[in-house]
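Got the structure open in your viewer? Let's walk through it one selection at a time.

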Amino acid sequence: MFITDFLLFLLCAPKTELMELDRNEYINREITVTFTPKKCIHAEKCAKGLSRVFRTSVLPWINLDGAETNKIISQIKKCPSGALDFCHNPVKIPA
Ligand code: SF4
């Protein structure tokens with residue numbers, strides 16, 4: 001699984017962000033979500049909008065099983081700082 005995650009990271013990450021080591025990744029069958037803490041302005045828009053995915057008191061704080069992928073994508077697009085981002089996985093990960 002680790003190798004799969006790493007390959008997805010290489011395929012999904014924009015080249016400029018490959019140099020950025022301080023970001024976290026979360027993967028479900030369809031998308032890879034990245035979170036870059038240093039960009040976050042802590043507006044909590046994500047937690048207020050989709051609390052079952054973006055959790056403020058549980059680790060890991062992003063739970064991609066908490067909602068359908070289209071809802072997660074919609075919420076990520078509302079992140080005001082760009083701390084949250086996503087890409088579609090090049091291959092659908094088997095369940
Ligand atoms: S919406 Fe974006 S900027 Fe706001 S808390 Fe979530 S990750 Fe941080």
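**First stop: the sheet**

Select Thr 34 and look across to Asp 85 in E3, which stands opposite. Strands and helices here are DSSP runs, numbered from the N terminus: H or I over at least four residues for a helix, E over at least two for a strand. Before going on, keep in mind that this is a predicted model, where local features need pLDDT of at least 70 and side-chain atom pairs count only at pLDDT 80 or more, while totals for chains, interfaces and linings use all residues. To find your way, count residues from 1 along each chain as its sequence is written.

Now show strand E2, residues 31-35, together with E3: the two pair in the antiparallel sense over five bridges. Two strands count as paired if DSSP finds at least two bridges between them. Another spot to click is Ile 31, which has His 88 of E3 opposite.

Which residue of E2 is the bridge partner of Glu 25? Thr 34 is, the residue you just saw opposite Asp 85. Select Asn 24 as well, and you'll find Phe 35 of E2 standing opposite. E1 and E2 are antiparallel partners too, over four bridges, and they form a hairpin with three residues between them.

Zoom out a little and you have an open sheet of three strands, in the order E1-E2-E3, with antiparallel pairing. Its edge strands are E1 (24-27) and E3 (84-88), each pairing on one side only. On average, neighbouring strands of this sheet are turned by 20° against each other, direction ignored. That angle is taken between axes, lines fitted to C-alpha atoms (for helices over the stretch in contact), and such angles run from 0 to 180 degrees between N-to-C directions.

Is E2 mostly covered or mostly open? Mostly covered: four of its five residues are buried. Buried means that 20 or more other C-beta atoms lie within 10 Å of a residue's own; exposed means 12 or fewer, partly exposed is in between, and C-beta atoms are placed from the backbone.

**Second stop: the ligand**

Next, select the ligand. Around it are Cys 40, Ile 41, His 42, Ala 43, Glu 44, Lys 45, Cys 46, Cys 79, Pro 80, Ser 81, Ala 83 and Leu 84. A residue is near a molecule or strand if its C-beta atom, placed from the backbone, lies within 6 Å of it. By class, this shell has eight nonpolar, two polar and two charged residues. Here Ala, Val, Leu, Ile, Met, Phe, Trp, Tyr, Cys and Pro count as nonpolar, Asp, Glu, Lys and Arg as charged, and the others, Gly among them, as polar.

Stay with His 42, in the loop between E2 and H3. Its phi is near 55°, a positive value in a residue other than glycine. His 42 counts as exposed because it has 9 C-beta neighbours inside 10 Å. Then click Glu 44, found in the loop between E2 and H3, where phi is near 60°, again positive in a residue other than glycine. Glu 44 is exposed, because 12 other C-beta atoms lie within 10 Å.

**Third stop: Pro 60 and Lys 71**

Move on to Pro 60, in the loop between helix H3 (45-49) and H4. A cis peptide bond joins Leu 59 and Pro 60, with omega about -5°. Most residues other than glycine have a negative phi, and most peptide bonds are trans.

Lys 71 is your next pick, in helix H4 (residues 69-76). Lys 71 is partly exposed because 14 other C-beta atoms lie within 10 Å. Try the distance tool from Lys 71 to Leu 50: their C-alpha atoms are separated by 8.2 Å, with the two positions 21 residues apart along the chain.

**Last stop: the whole protein**

Show everything now. There are four helices and three strands, and from the N terminus on the elements run α-α-β-β-α-α-β. Of the 95 residues, 15% count as buried.

Finally, colour by pLDDT, the predictor's confidence in each residue from 0 to 100. The mean is 85, and 78% of the residues reach 70 or more. Where should you be careful? Residues 15-19 stay under 50, and so do residues 6-10. Where pLDDT is low, the predicted coordinates should not be read in detail.

Key: Contact = placed C-beta atoms within 7 Å.
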